[in-house]
Amino acid sequence: MEPVIELTGVGFHYSTSESPWKQWALSGVDLTVRPGEYLAIMGPNGSGKSTLAKMLNGLLVPVKGSVRVEGLDTRNPDAVSTVRRKVGMVFQNPDNQIVGTTVRDDIAFGLENLGVPRDEMIRRIEKVLQRVGLAGMEERSPHHLSGGQKQRLAIAGVLAMRPQVIVFDESTSMLDPGGRREVLQAIGDLQRQGTTVIHITHSAAEASRAERIAVMTEGSIRRIGSPGEVFRDPDQLRNWLLEPPPSVELLDRLRKRGMPVRSGLFNTDELVEELWALLSRG
Amino acid sequence: MGIVIQGLSHIYMDGTPFAKTALSGINMVIDKGSFAGLIGPTGSGKSTLIQHIAGLLKPTKGTVRIEETVVGPETKKMGPLRNRVGLVFQYPEHQLFEESVAKDIAYGPHNQGLNEEEVHRRVFQAMEWVGLDPELSSRSPFQLSGGQMRRAAIAGVLAMQPEVLILDEPTAGLDPAGQRELLDTVYQLHREQGMTVILVSHSMEEIARYADILFVIKDGRLMLTGSPGEVFAEGERLREWGLEIPVVARLVDELNQRLTSPIPREIFTVNALERHLWSRWRKGEKG
C-alpha cells in the first residue's frame, strides 16, 4: 500500500544562513507511515519530536531530504494547502486552540475558511461532534468545557477538515486523569474508524496503545517497532531519558532478581496472568 | 502543628451576580514536615486552595493557620503568611525575567530585605539544592534548557527559605528523566531541611512515589483524606470523580481478584510490589 507519509533522509536546523555552525534539530530521519496506522513517537525534551511533527504538515520544510504526504512534496509551495488539509494537528494546550464563542462556531470557523457551503457545513459539524462525543453541546461556550472536552472539540475541528492523518503533539499532557482517558479513547476510536494517528508523547503508558512506537533522541529515530519490541530493553530506554511503563519496569526488576518471568509482556491481562502463574506455582 | 485550615470557604466576586463558590467548608491539617499530595480534577478548587495557603487569597469564611500566623476574612496583613510559604506556579519558567540566573534567584531574598552577603549565600545554596552548576549563575536564564529554566525558577522560591513549599504541577512538560530528577531533588530537601511540601499533580504515579498524606478535592469540597494506601483503596470513587489510581495499584487489584491471600493495599509503587512479589515467590519456591 502507498504510504500516507514518507520521510526520506530528513535533516533540519533552525539557525539562519549567516550562522557559522548549525545545530541539526533533525538528521537522517527516515519514516514511513501506513494509511490507518497508529504510530506513537516518544523522546526526551529536545529530541526533535515537535520539530518532526511540524514537518508532517508543512509548517516546517526539510533542509535536507524530503517529506511526502500522499505523494505530495511539502517543499512544493503549490501543495502546501492540500498537505495541511490532509494532515491535521492537535496541540498541547486546549485553551490556545479555541476561536469560536460556541462549540458550533468553533468548528464552523475552519470550514468557512475552506469555503464549504452552509448545508454541507451543518452536516459535517453534526457528524464530527457525534464522533468525539460532544453531540448536544453545539450552543455551549467552549470556555466552560472541561479540559478533556476542549481537546475533543479541537479534534472535532480538525476532523471537520477531513484529514487523512491527525498528529497529536502531547495533547494529553495538560489534562487531568479523566480528561486524559476521554482523549485517549477518542484517539483510539478515530483510528478504528480509519484515520491515521500519530501520537507524540512522553508517556510510555500512552505510547503502548499504539501499533508501532518510534523512539527519538538528538534529532534521530533510534528505534522503531511494536510496543513489545521497544519496551524489551528498559535499560536502553532509561539511557535515552525515557522510562518503560511501570508494569514493564516491574517485570524487568523481577527478572533481574532471578524470577523466571517472560519478556515482552506489556498489557495488563498478560501480566496478571504471568504473575499469578508464578505465585501459584510455589 | 503545621498547617491548620478550618471551615475555609471562598466565593469569587462575592455579593455580585457573578458570585461563584470555589471552596466550601474545607477542614484540613497538614503536619509540619510532611509531604502532602493534593489531587482533584481540573476546576475542583486546587489552585484556589493553595493560593489561600500561600496568602494570596483571603478566605470568604474560615481560617488558614500556619504555626502562630492566622489569616481569616478580616485579616489586613497577608505578609506574615506569605513569608512562610513558597509557591511554585505551573510553568514557573515563564516568570523568569532577570538578565542573569543569579539575579533572578536573588529577586525574592532581596525583597525580603536581606543584606547582599546573605542574598549571595542564599542564591548559591539554592542553586546547589536544585542541582544547577554555579557556573550558570552569570548566564541569561533564557539560554538554559527547559529543565534548567524550571530549576532556576524553583531555586528563586527556595532562596527565600520558606517553611512550606507548594508545587503546582511542577513536572508538566518535562520528560520522564527530568520529572524524576526534579521531584527527587524536592524530596531530598524535604528530608534534609524538614520542609513541609504540598505537591499538586495529575500524575498518580508521582503522588504515590513521594506523598505520605493525600487530600482529594472535587467541586470545592474535601472528599477524601488519608495515607496513599487508604486513598488508592477507593479506586472506584476516584474514577467516578475523573481521577485515577496508580498503575501498580490497579495491577494489585487485578491480582487480588485471583489470589487467595491478597496483596496488601499499602502496596502501590513498583518498588514495594517488586519486594513483595519476590519474597512471596521465594518462600513458595522453598516451601
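Which residue takes a positive phi in the hairpin of S4(A) and S5(A)? In this predicted model, that residue is Glu70(A), whose phi is near 45° in a hairpin with 2 residues between its strands. The report below starts from this hairpin in chain A, and then turns to chain B.

## Chain A: a hairpin and its surroundings

The confidence of the prediction should be considered before any detail is read. Chain A has a mean pLDDT of 90, and 97% of its residues reach 70 or more. Within this chain, strand S3 (residues 38-42) has the highest confidence, at 97, whereas helix H11 (residues 268-281) has the lowest, at a mean of 84. As a general caution, predicted coordinates should not be read in detail where pLDDT is low.

The two strands of the hairpin, S4(A) and S5(A), are joined in the antiparallel sense over 2 bridges, and in one of these pairings Val69(A) has Leu72(A) of S5(A) as its bridge partner. Strand S4 (residues 64-69) of chain A also runs antiparallel to strand S1 (residues 5-13) of chain A, to which 5 bridges join it. In that pairing, Leu7(A) stands opposite Val67(A) of S4(A).

In the loop between strand S5 (72-73) and helix H2 (80-86) of chain A lies Thr74(A). Is Thr74(A) buried or exposed? Its relative accessibility is 2%, and because residues under 20% are classed as buried, Thr74(A) counts as buried. Beyond its neighbours within four places in sequence, Thr74(A) is in contact with Met55(A), Gly58(A), Val61(A), Pro62(A), Val67(A), Val69(A), Val80(A) and Val83(A). Val69(A) in this list is the residue paired with Leu72(A), and Val67(A) is the one opposite Leu7(A).

## Chain B: an open sheet with a helix packed on it

In chain B, 4 strands form an open sheet in the order S2-S1-S4-S5, with antiparallel pairing. Strand S2 (20-30) and strand S5 (69-71) of chain B each have a single partner strand and stand at the edges, so one side of each has no neighbour in the sheet. On average, and with direction ignored, neighbouring strands of the sheet are turned by 20° against each other. Inside the sheet, strand S1 (residues 3-12) and strand S4 (residues 61-66) of chain B pair over 5 bridges in the antiparallel sense, and Gln6(B) has Thr63(B) in S4(B) as its bridge partner. Helix H1 (residues 46-53) of chain B packs on this sheet, where it touches S1, S2 and S4 of chain B, and its direction makes about 125° with that of S1(B).

Leu81(B) belongs to helix H2 (residues 79-84) of chain B and counts as buried, with 0% relative accessibility. Its contacts beyond four places in sequence include His52(B) and Ile53(B), together with Val64(B), Ile66(B), Thr69(B) and Val71(B).

## The H3 helices and the nonpolar cores

Each chain has a helix numbered H3, and the table sets the two side by side.

| Helix | Buried residues | Positive phi just after the helix |
|---|---|---|
| H3(A), residues 103-114 | Val103(A), Asp106(A), Ile107(A), Ala108(A), Gly110(A), Leu111(A) | Gly115(A), about 75° |
| H3(B), residues 101-111 | Val101(B), Ala102(B), Asp104(B), Ile105(B), Ala106(B), Gly108(B), Pro109(B) | Gly113(B), about 80° |

The buried residues of H3(A) pack against helix H4 (118-131) and helix H5 (147-159) of chain A, while those of H3(B) pack against helix H4 (116-130) and H5 of chain B.

Ile105(B), one of the buried residues of H3(B), also appears among the residues with the most contacts inside the largest nonpolar core, which has 51 residues. Helix H5 (residues 146-158) of chain B gives the most to this core, with 7 residues. Phe232(B), another of the residues with the most contacts in the core, touches residues including Met204(B), Ile207(B), Leu214(B), Leu238(B) and Phe268(B). A second, separate core has 44 residues, among them Met121(A), Leu134(A), Phe168(A) and Trp240(A). In soluble globular proteins, nonpolar side chains tend to be buried together.

Finally, an unreviewed UniProt entry carries the annotation "domain: ABC transporter" for residues 3-244 of chain B. In the model, this span is 37% helix and 25% strand, and its end C-alpha atoms lie 27 Å apart.

Methods
Residues are numbered from 1 along each chain as its sequence is written. Chains are lettered from A and ligands numbered from 1 in the order in which they are written. Side-chain values use heavy atoms; hydrogens and water are left out. Two strands pair if DSSP finds at least two bridges between them. Axes are lines fitted to C-alpha atoms, for helices over the stretch in contact, and angles run from 0 to 180 degrees between N-to-C directions. Contact means heavy atoms within 4.5 Å. Buried means under 20% relative accessible area, exposed over 50%, partly exposed in between (1.4 Å probe, protein chains only). A nonpolar core is a set of buried Ala, Val, Leu, Ile, Met, Phe, Trp, Tyr and Cys residues joined through side-chain atoms within 4.5 Å. UniProt positions are given in the numbering used here, feature names are shortened, and annotations may be inferred rather than shown by experiment. pLDDT is the predictor's confidence in each residue, from 0 to 100.
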